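Please look over the sequence and the three-dimensional structure displayed here before reading on. The paragraphs that follow lead from the terms needed, through the overall layout, to individual contacts.

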Amino acid sequence: MAESSVSVAEVETAFQKFAVHGDTKATGKEMNGKNFVKICKDCHVIDGKNVTTTDVDIVFSKVKAKSARVITFEQFIQAMTELAPKRFKGKSKEEALQQLYGLIGGKGPANLGVTKAAKAAAVDRLTDTTKYTGAHKERFDESGKGKGKAGREDIPDTSGYVTAYKGSGTYDDKVKEA
């Protein structure tokens, strides 16, 4: 049987992959409850009939230390030893554990069901700046990039002495001539 040849090292690499999944600070040596449930779901340890998410949560609570929120790989093996006879009824503990290792060994976290951004033609039409008209057209340059505040409101030129003064910047020239 191919499943019985799964080594503990392969199970440990799967443990490390799931331990760091979704947590930027994780080292891969300890796994939280959320990731423990994820490894059980993704590797089909939870079958919905013999082993449920509630069973997995209870086993996680049993093997972790009282005040801890994570489990180590040794505690993970202990949890799998408790779940194996439940998952594979009618088999010896060792045989059930090997089959459970066969489910877990060499696997990684699945990203199925992850939400992706919708790409619809209607959204493309609405956000195409080349089709804008009127005042909205003034807010974007030729490339479609927004002009920022300059595109939203008329900013008066206040550089001269008087607003709309035509000879701004000529005062110094006149003083030097005199």
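A crossing of two helices is called right-handed if the near helix is turned clockwise from the far one by less than a right angle, and left-handed if it is turned anticlockwise. By this criterion the crossing of H2 and H3 is right-handed. The structure discussed here is a predicted model, and its helices and strands are numbered from the N terminus.

The overall layout comes before the details. The chain contains eight helices and two strands, and along the sequence these elements follow the order α-β-α-α-β-α-α-α-α-α. The chain has 178 residues, of which 26% count as buried. Its accessible surface is about 12,700 Å², and carbon and sulfur atoms contribute 53% of that area. Among contacts in the chain with a separation of 6 or more, 52% come from residues 24 or more positions apart.

The pair formed by H2 and H3 may now be examined further. Helix H2 covers residues 33-42 and helix H3 covers residues 53-63; their axes come within 10 Å and cross at roughly 135°. H2 is therefore oblique to H3, because an angle counts as oblique when it is neither under 35 degrees, nor over 145, nor from 65 to 115. On the H2 side, the residues in contact are Gly 33, Phe 36, Val 37, Cys 40 and Lys 41, and on the H3 side they are Thr 53, Val 56, Asp 57 and Phe 60. Sorted by class, this contact comprises five nonpolar, two polar and two charged residues. The loop between H2 and H3 holds His 44. His 44 is a residue other than glycine with a positive phi, near 60°.

H3 also meets H4. The axes of H3 and H4 come within 9 Å and cross at roughly 140°, and these two helices are therefore oblique to each other. The crossing of H3 and H4 is right-handed. From H3, the residues Asp 55, Val 56, Val 59, Lys 62 and Val 63 take part; from H4, they are Gln 75, Gln 78, Ala 79, Glu 82, Leu 83 and Lys 86. The contact of H3 with H4 is made up of five nonpolar, two polar and four charged residues. Val 56 of H3 is listed in the contact with H2 and again in the contact with H4.

Which residues does Leu 83 touch, not counting residues up to four places away in sequence? Leu 83 belongs to helix H4, which spans residues 73-87. Setting aside those sequence neighbours, Leu 83 touches Phe 36, Cys 40, Val 45, Val 51, Val 56, Val 59 and Leu 100. Phe 36 and Cys 40 are among the residues with which H2 meets H3, while Val 56 and Val 59 are among those with which H3 meets H4. The relative accessibility of Leu 83 is 0%, so this residue counts as buried, the limit being under 20%. From Leu 83 to Ala 96, 13 residues apart in sequence, the C-alpha to C-alpha distance is 9.1 Å.

Ile 39 is a residue of helix H2. With a relative accessible area of 0%, Ile 39 is buried. Its contacts, leaving out residues up to four places away in sequence, are with Ala 14, Phe 15, Phe 18, Met 31, Phe 76 and Ile 104. Ile 39 and Ile 104 lie 65 residues apart along the chain, with 7.8 Å between their C-alpha atoms.

Helix H1 supplies a further buried residue, Ala 19. The relative accessible area of Ala 19 is 3%. Apart from residues up to four places away in sequence, Ala 19 touches Ala 26, Gly 28, Glu 30, Met 31 and Asn 35. Met 31 is thus listed among the contacts of Ala 19 and among those of Ile 39. Between Ala 19 and Val 70, which are 51 residues apart in sequence, the C-alpha to C-alpha distance is 9.7 Å.

Is Thr 27 buried or exposed? Thr 27 is placed in the loop between helix H1 (8-20) and strand S1 (30-32). Its relative accessibility is 64%, so Thr 27 counts as exposed, the limit being over 50%. Thr 27 and Lys 17 are 10 residues apart along the chain, and their C-alpha atoms are separated by 9.9 Å.

Methods. Residues are numbered from 1 along each chain as its sequence is written. This is a predicted model: local features need pLDDT of at least 70, side-chain atom pairs count only at pLDDT 80 or more; totals for chains, interfaces and linings use all residues. Side-chain values use heavy atoms; hydrogens and water are left out. Axes are lines fitted to C-alpha atoms, for helices over the stretch in contact, and angles run from 0 to 180 degrees between N-to-C directions. Helices (H or I, at least four residues) and strands (E, at least two) are DSSP runs, numbered from the N terminus. Contact means heavy atoms within 4.5 Å. Ala, Val, Leu, Ile, Met, Phe, Trp, Tyr, Cys and Pro count as nonpolar, Asp, Glu, Lys and Arg as charged, and the others, Gly among them, as polar. Buried means under 20% relative accessible area, exposed over 50%, partly exposed in between (1.4 Å probe, protein chains only). Accessible areas come from the Shrake-Rupley method with a 1.4 Å probe; for residues, only the protein chains shown count as cover.
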